[in-house]
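Dear colleague,

I am passing this structure on to you, together with some notes on what turned up in it. Please look through it before reading on.

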Number of protein chains: 6
Amino acid sequence: MVQTVSPAGNINLLKAKILRGETVVGLSCALGSAQIAEEFALAEFDYIYIDQQHGLTSQDTMIEMLRAIARSSTTPLVRVAQNNAGLIGQALDAGAEGIIVPMVNNAAEAQLAVAACRYFPQGRRSWGPIRAKYGLGTDPAAVNREVLCLVMIETSEALANVDEIVQTPGVDGIYLGPADLGISLGFPPLAFEQTTDERQLAAIERIRLACVRADRVIGTSGDPRSMRAAGFGMVTAAMDAMLIRSAVAKIDRLDAVLAGS
Amino acid sequence: MVQTVSPAGNINLLKAKILRGETVVGLSCALGSAQIAEEFALAEFDYIYIDQQHGLTSQDTMIEMLRAIARSSTTPLVRVAQNNAGLIGQALDAGAEGIIVPMVNNAAEAQLAVAACRYFPQGRRSWGPIRAKYGLGTDPAAVNREVLCLVMIETSEALANVDEIVQTPGVDGIYLGPADLGISLGFPPLAFEQTTDERQLAAIERIRLACVRADRVIGTSGDPRSMRAAGFGMVTAAMDAMLIRSAVAKIDRLDAVLAGS
Amino acid sequence: MVQTVSPAGNINLLKAKILRGETVVGLSCALGSAQIAEEFALAEFDYIYIDQQHGLTSQDTMIEMLRAIARSSTTPLVRVAQNNAGLIGQALDAGAEGIIVPMVNNAAEAQLAVAACRYFPQGRRSWGPIRAKYGLGTDPAAVNREVLCLVMIETSEALANVDEIVQTPGVDGIYLGPADLGISLGFPPLAFEQTTDERQLAAIERIRLACVRADRVIGTSGDPRSMRAAGFGMVTAAMDAMLIRSAVAKIDRLDAVLAGS
Amino acid sequence: MVQTVSPAGNINLLKAKILRGETVVGLSCALGSAQIAEEFALAEFDYIYIDQQHGLTSQDTMIEMLRAIARSSTTPLVRVAQNNAGLIGQALDAGAEGIIVPMVNNAAEAQLAVAACRYFPQGRRSWGPIRAKYGLGTDPAAVNREVLCLVMIETSEALANVDEIVQTPGVDGIYLGPADLGISLGFPPLAFEQTTDERQLAAIERIRLACVRADRVIGTSGDPRSMRAAGFGMVTAAMDAMLIRSAVAKIDRLDAVLAGS
Amino acid sequence: MVQTVSPAGNINLLKAKILRGETVVGLSCALGSAQIAEEFALAEFDYIYIDQQHGLTSQDTMIEMLRAIARSSTTPLVRVAQNNAGLIGQALDAGAEGIIVPMVNNAAEAQLAVAACRYFPQGRRSWGPIRAKYGLGTDPAAVNREVLCLVMIETSEALANVDEIVQTPGVDGIYLGPADLGISLGFPPLAFEQTTDERQLAAIERIRLACVRADRVIGTSGDPRSMRAAGFGMVTAAMDAMLIRSAVAKIDRLDAVLAGS
Amino acid sequence: MVQTVSPAGNINLLKAKILRGETVVGLSCALGSAQIAEEFALAEFDYIYIDQQHGLTSQDTMIEMLRAIARSSTTPLVRVAQNNAGLIGQALDAGAEGIIVPMVNNAAEAQLAVAACRYFPQGRRSWGPIRAKYGLGTDPAAVNREVLCLVMIETSEALANVDEIVQTPGVDGIYLGPADLGISLGFPPLAFEQTTDERQLAAIERIRLACVRADRVIGTSGDPRSMRAAGFGMVTAAMDAMLIRSAVAKIDRLDAVLAGS
Ligand SMILES: [Mg+2]
Ligand SMILES: [Mg+2]
Ligand SMILES: [Mg+2]
Ligand SMILES: [Mg+2]
Ligand SMILES: [Mg+2]
Ligand SMILES: [Mg+2]
């Protein structure tokens, strides 16, 4: 249940499960709270993804969260703010074992993401694993093998290029962004499970099938059981901000006249 | 739904509701997250209590949370780490409109709590309302009238002195600490609603009745509706850490072998 | 004087005033102090612009300042460090209601700025309004309409392209950078009001007239009354660092031998 | 203009000036901004006092401000939150060269303040000068000689005990708290210069004369020139929060309808 | 090498080793760096003691360091700033498994330290293990048994009362403060290993023998092997600030003329 | 030993030494500790380089470190996370006196680095020296002359373009990245002094000779004396993380069975 820290470096438990074909289940952190990250970590889900793109996650916060997660066997992922080698390098050096890269629209952008995630010859990551030495370790070849690189398909342009993105060498899988994809297709920003429009569902299925063909995992947020049934191999079961918000909404306020109502 | 900021200072909306006999409902923050404080504030409960005693709440965190709450009509309370004039002064200067003082065991300790909460002649608070000037304002007499001073009865010693504590001039009410009271009486640390031992329930009822006699509000955590039925006028409906923990416990992890099981 | 928070989202009060033709007056924050931001906010100027480019404003600081401003009716703007979609998205998601984009030199760069500020179809902003949901709300079309996108013209290249920049669809106005424009033209880095060289004044007037032709607001820092008279519709009346510096300079030090003199 | 850092430790420039009979002039920091502290430091006043009692000054903030001031010849003082040996020790270890102790009401409390400021045999300060080693150095006797211990007389009780407080060995001077003294005497919380009531002025003069008799410096906030004329040897010419507030109040807002008016 | 986190709570590995008679070796953190704490933790010494008294350790810093240490089997201790129930409670709630209490001068002060470290009936600790629930767990009796309470003997008064302090029920051991003891006895502030004065050595030996008689562990800083030979059961082998300082002193600066020389 | 702060701005002491042909010796900070930065600064090496690329250095941390260094005559450099004008501008505005730009692969990239470091006409830096005004000052021409721009050659592509990079106007010198260069050439990530492969040594020598030809300084990490002998004019003698790590490795743990062994 806990990872040993050895000179040889850890293996990426999440990647191993994905490669074995297990459906992995995780949680995401957008509130910028290292304490929530620690609580999530000790719940021993397969992964936690720290959201630097839309979450309140500064570099300091990201580092504190990665430290908090390190006490568990949960694999830490970071969704970087953008497809940028500097940000990807900082997340990996700080101990992320996988990266989720938003808004990847074509093969060239997918290649940039891959290059930022891995050292030569697979990529161009720069050397300096300040905290990563405690995790995946210091052997470039081993680290290249273990790091997980997931790219997001979430625009109409990406949809048109889905096969070239999915098949880019070094891309380990796709993380679906249904809300952005929806907006890009002219729909409202909904999660997969909220989607009912047939055209939007067809777009998502097209992406999923491209992953099946290329033998890549596909992930998104949703209910683990139903998402697994729908063919997703990676499911983010909950986001901290939503857990808080929906829990608050259920509280009995007695006779209060609520805000905005 | 929002408070205006005027030179004359705000009124303490929570105190006004309590004095009108309304049952007030609030939330508490122990995770040290200003974003959760803001989410809670916008839900427009009657109060938020920031827990400096057992929460992960540094002085910086407390200030950020008080800023976050200021956009709403929710009244901010701080449970200070101990019955200490310096800490009480810092919380009030930073904008808390009420203080919850833990471990008050007799009238002398209650008087210290009161003195720290109010300026001369009701107390000995020191002048310097760096952020409080934006809230309850700068008129010492008005501020003295508006600040809420709640003391916690949560030991067997306090139980023995319940009437002298409750009747201390300037004590606006009692906040019950059932877990500490339970430990002090030889029981496990349970919330009121978890308590089944008749002796412990009798002790709590004794405190409640002392409040009724002295016309002071009594508060604790629990379900608002059932706590109101049990005679509590102030109910903390949820704590952030517990919301997260219980929400995580309900998530379907598919076939995961869980930590510790 | 205070904004209500409703599911429907706020309107951008600053943009509304600008569209009504009012001359708006604001303050800017470079010191990285959320307390100064709160003090400024409660002074109820039309806007506060948080300077991420030249100010000491980390992401954490920006978020705290946006929380501080939310208690007032003042509209929060962020000048991002550079014309970058990731930074613009983070500022908007954190609750900025308008963006000032520095160093926009041509129409292509102006289009990038616009695209980062708005969701499809006006742009390519990514969905995830973690704090913005408390402000402009969650309806993409409404948010697109309310967000203010201001671009800075502050180089000789931009001056040459002034009309194409100003007329770029989605650009709501121009924020003039006289110091950078001055340097770029071979002059010292001066504010508008310090400028006396006719060639530099002519350059600025050329930009202002382009705004008049395109019916876009033009803003910069200076004295509100004289800047309004000079045809500026948006005036940043003071920056925190300068207020402190000039106030200190006026203090009587008795007979002190000063540093450097 | 800058202090050298030598193994032998610095001398306390402020104390030396006071002992030479110079009227020293300083600034105070309540906003919790290390950048303002640095700006103040480079203005090379005689001292900066960091306000931990009423300012927004966490331990982290205090340390950052002490680091900022160290580049100048300005002497850093800390007003601790209360007369507490732990807080006084932390401020001195972090590099404060003098302490202002609030609410000292009698000789016993003055002795506690002195004991916390100095090592045996003059006091009971605990050894561990983590940053102070860069400043006053590591020789206990030299540090005891250089540290400045100022206590505040600001209550009617202290007024009654003024001579015993002032004459307490190790008390280097008095810092007057006119606002608290005023409240304690039944007056409004005013600074010395705002005070017009003869009884309040007589109380202050009584304190000042006790200092004259005991050959101790007396300080407070006010205009340096007039305070010197009134017999004060130490004058805090401005507080950051007030500089900002009064500067904002002077800004022309054009035709704005102001908050609260 | 790593602790499992179970509902039943961890055992305190350090206390177990001490009770088995092992000489335990640790490191101390005064620089306030969570990254150094993590590096130290992964070196798998027996304990890390976080210094809140003389180190640059705010509450936020302490929490981050406790999180960093949790990934290892190293036992985290906190030296609190003073013998204060509020500070001791905050450190234990945040996950410290043992407390070092400075400046304990007599049995009454030792009893206060013990009472703050343990729940009723052994003490009066207040219930609220916000992070401690991840460590020693939530059973009050088990936690009381596992928490380590060490008190410091470091004044001449404490020396006179050494037996009554050492024999106070609930005191698990003594942590020697040679520098403060030295100052209090009229000597310079030296570590044990630097001490050569026979009278000072005799005082230390007197304390050590009192521990032997009472079957309590005695700890201090020094070289593990020689300190074990001298009869110490707990040795802090290094402090981060000293490691850095002595490492820097050894660097070849070529021909530089050094500061202060 | 300490720099005076004058309106005219400081001179860059490091650049002056380099131009005089002195071999300069520095230290680097990757742990994100302002206290270590201050300790390093007071040791009065020629420079400190703050590592934003691989160190745990947020923007807030960088600013605090720059403040800490300002009390000494040590010149502060920042290695930015990437060759990005926004990051370079923020570091310079915050007070860095030189920039180390990683991964510069050709003349075009070198020109971008130069342009970001200097104002027009040498570059396109934007005006706003919020803290730099305390250092190199406010005269654009003087600042342009004083700022040090070092670019890193650390890939096979850069090696192929070594002369065009080195000869780019405005590039003051080269900072060698042996680990990245090694990886890029198919070797392990080693420092210069660890390198034994003749081909790798030849590559480094080729870079060094290009610097000699172009009269540019070349720097890297290593032992100052041997690196000077090897022809390096700038030597980073130690990194904080390595000092801690190697110091810990030397500590006697008595009979401990170590982690991983
Ligand atoms: Mg998306
Ligand atoms: Mg309690
Ligand atoms: Mg500009
Ligand atoms: Mg006072
Ligand atoms: Mg000691
Ligand atoms: Mg490199």
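Are Tyr49(B) and Tyr175(B) buried or exposed? Both are buried (under 20% relative accessible area, against over 50% for exposed and partly exposed in between, with a 1.4 Å probe and protein chains only). The rings of Tyr49(B) and Tyr175(B) have centres 5.5 Å apart and planes at 80 degrees, so the pair is edge-to-face (ring centres of Phe, Tyr or Trp, the last by its six-membered ring, within 6.5 Å; planes over 60 degrees apart are edge-to-face, under 30 stacked and the rest tilted).

Please keep in mind that this is a predicted model, in which local features need pLDDT of at least 70 and side-chain atom pairs pLDDT 80 or more, while totals for chains, interfaces and linings use all residues. Residues are numbered from 1 along each chain as written, chains are lettered from A and ligands numbered from 1 in the order written, and side-chain values use heavy atoms, without hydrogens and water.

Turning to Arg131(B), this residue counts as buried, at 4% relative accessibility. Its side chain reaches the backbone oxygen of Ala94(B) at 2.5 Å, and it also makes a polar contact with the side chain of Glu38(C) at 2.6 Å (a pair of N or O atoms within 3.5 Å; within protein, one must be able to donate a hydrogen and the other to accept it, and residues adjacent in sequence count only if both atoms are side-chain atoms).

Finally, Glu154(E) and Asp180(E), which are both buried, are the protein donors of the magnesium ion (ligand 5), at 2.1 to 2.2 Å (N, O and S atoms within 2.8 Å of the metal, or 3.2 Å for Na, K and Ca; water is not among the atoms, so sites may look incomplete).

With best wishes
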